[in-house]
Amino acid sequence: MQKLIITAAVQGAEVTKQQNPNLPVTPEELAQSSYEAYQAGAAIIHLHVRDENGNPTQDRAVFAEAMRLICEKCPDVIIQPSTGGAVGMSWEERAQPLELCPEMATLTAGTVNFGGDVFYNPPAYIERFAVRMKELGIKPEIEVFEVGMINNALQLVKRGLLQQPLHFDFVMGVPGAIPGTIKNLLHLVESIPAGSTWTVAGIGRHELPLAAAAIVLGGHVRVGFEDNIYYRKGQLAQSNAELVARVVRLARELERPVATPDEARKILGLKRSAK
Ligand code: KMH
Ligand code: ZN
């Protein structure tokens, strides 16, 4: 089995400080929280940013500042900006962090209900993200909120816009999208091409059981405030690092070594780029 890649999704677009006061919001807070998560064992930082009012933004300059500060504190960590942004954003708005040439970025492979909203990813959006990432040499993490999204990605492979081996993130338990059950996880894992890599992001109470399942199934794990603000029922998480550290302990008990960022680069086939 490959070493375990842990991604820390440190902020997201939906969670607020009112819901968990420990949420990092500013570039400085994001850098500190990323550093702590990295020290705890995270190899990848999945990154969203906020404007000065704490609202989600895809502003290139804010991403640049957050990435610079994260790099200063943890020079070897893999930074994976979001191209999902927040619901309602245009393609152009969402695509801004790609121009900073990160090593990886997310690419959602279809439209999905997202709580009371719709996370809009029509074929033209998906294709344009794939084209731009290919042009810039950025490895996409294919975000899968529903099983049909896997096939959408494979259609892009057929057209030469995505390259195998693909790396998937199964986002499970979003209200309106695929429920976070082990049965569904197995179905997703069995539906991707041999040789692909995958990670799982369980939302809310699904985070911990799906992380445990991924560790034993040979997948990888994403945790963090974007997906879950609780350490356990009724107890808010203190930090992203606290959630990462629990996955590291689980992995240790299950005899699955945790990957460093450079080991994660090898597993994912990343050629390190200048940040
Ligand atoms: N905030 C969600 C609407 C991504 O980062 O690529 C989309 C999202 C996915 O978080
Ligand atoms: Zn995200």
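## Strand E1 and its neighbours

In this predicted model, Ala8 stands opposite Ile45 in strand E2, and E1 pairs with E2 (residues 44-47) in the parallel sense over three bridges. Between these two strands the chain passes through helix H1, which spans residues 27-40, and the β-α-β crossover formed in going from E1 to E2 is right-handed.

Strand E1 is also joined to strand E12, made of residues 220-223, by three bridges, and these two strands likewise run parallel. Here Ala8 stands opposite Val223, so that this one residue of E1 has a counterpart in E12 as well as in E2.

## The two faces of E1

In a regular strand, side chains alternate between the two faces of the sheet. For E1 (residues 6-9), Ile6 and Ala8 lie on one side, while Thr7 and Ala9 lie on the other. Are these residues buried or exposed? All four are buried, and both faces of the strand are therefore covered.

## Helices H7 and H8

Helix H7, covering residues 207-217, packs against helix H8, covering residues 240-253, at an angle of about 35°, and their axes are 10 Å apart. The crossing in which H7 passes H8 is right-handed.

On the H7 side, the contact is made by Glu207, Leu208, Ala211, Ala212 and Ile215, and on the H8 side by Leu243, Arg246, Val247, Leu250 and Ala251. Sorted by class, the residues of this contact between H7 and H8 comprise eight that are nonpolar and two that are charged, with no polar residue among them.

Terms used
Residues numbered from 1 in each chain as written. Chains lettered and ligands numbered in written order. Predicted model: local features only at pLDDT ≥ 70, side-chain atom pairs only at ≥ 80, totals over all residues. Heavy atoms only, no water. Axes fitted to C-alpha atoms, helices over the stretch in contact; angles between N-to-C directions. Left-handed = near helix turned anticlockwise from the far one by under 90°. Contact = heavy atoms within 4.5 Å. Nonpolar A, V, L, I, M, F, W, Y, C, P; charged D, E, K, R; others polar. Buried < 20%, exposed > 50% of the residue type's maximum accessible area, 1.4 Å probe, protein only. Pairing = 2+ DSSP bridges. Right-handed = clockwise from strand over helix to strand, strands pointing away.
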